[in-house]
Amino acid sequence: MTWSPALLLLLSVAPVVAVRNGNGTQHGMMRTVDVYHMMVCWGKQQFNSNEECLDWMVKQCKVASTAQGYCQKLSELVVKDCDAGKAPACARAVQLGLRHSQKAGKQGGHQVSKQVSKQVGKQVSKQVSKQ
């Protein structure tokens with residue numbers, strides 16, 4: 001059986017499956033090009049905090065998942081930075097549904113981070129076992 005190039009392209013960019021993100025809401029999968037962009041942004045962020053990339057990553061993780069852990073890593077980073085008193089990180093945590101206010105400082109971030117890790121881990125395990 002041969003696959004047409006148009007069908008392969010459609011399959012590579014269309015959301016295929018739904019997963020739950022760290023705050024318990026269900027999302028579709030990111031398109032391949034968005035996952036690649038996420039990888040590049042995450043790499044840039046590791047060396048130099050790139051605000052544009054971080055904002056783009058938050059926007060993407062609100063509606064879709066990479067199923068490769070980038071949204072989880074972003075959630076953990078945002079909570080950690082918010083706990084360290086960084087106001088932009090707190091605003092991102094609110095956008096991701098990890099915090100209820102943009103007030104910086106200790107707000108039970110470690111507990112939120114553990115909950116995020118557990119929920120994402122369960123969903124990834126379920127998705128992998130279905131395949």
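This passage walks through a predicted model of a protein, from its overall make-up down to a few single residues.

Because the model is predicted, local features are reported at a pLDDT of at least 70 and side-chain atom pairs only at pLDDT 80 or more, while totals for chains, interfaces and linings use all residues. Residues are numbered from 1 along each chain as its sequence is written, and side-chain values use heavy atoms, with hydrogens and water left out.

Confidence comes first. The protein averages a pLDDT of 74 (the predictor's confidence in each residue, from 0 to 100), and 56% of the residues score at least 70. The low end is strand E1 (residues 18–20), with a mean of 47, and the high end is helix H4 (residues 70–83), at 93. The pLDDT is below 50 over residues 13–23, yet in the model this stretch makes 32 contacts beyond near neighbours in sequence; a contact here means heavy atoms within 4.5 Å. Residues 107–112 also stay under 50, and the model gives them 10 contacts beyond four places in sequence.

As for the fold, the protein has six helices and three strands, taken as DSSP runs numbered from the N terminus (helices are H or I with at least four residues, strands E with at least two). Along the sequence they follow the pattern α-β-β-α-α-β-α-α-α. Of the contacts with a separation of 6 or more, 46% link residues 24 or more positions apart.

Of the 131 residues, 37% are buried, that is, under 20% relative accessible area, with exposed meaning over 50% and partly exposed in between (1.4 Å probe, protein chains only). The accessible surface comes to about 8,100 Å², and carbon and sulfur atoms account for 58% of that; these areas come from the Shrake-Rupley method with a 1.4 Å probe, and for residues only the protein chains shown count as cover.

Helix H3 (residues 51–63) offers a closer look. Its 13 residues reach 19 Å from first C-alpha to last, close to the expected 18 Å, where the expected span is 1.5 Å times one less than the number of residues. Among the buried residues in H3 are Cys53, Trp56 and Met57.

Alanine 64 lies in strand E3 (residues 64–65). Alanine 64 counts as buried because its relative accessibility is 9%. Its C-alpha atom sits 5.1 Å from that of methionine 29, although the two are 35 residues apart along the chain.

Finally, lysine 73 lies over the face of tyrosine 70, at 4.8 Å from the ring centre; the cut-offs are NZ of Lys or CZ of Arg within 6 Å of the ring centre and within 35 degrees of the ring normal.
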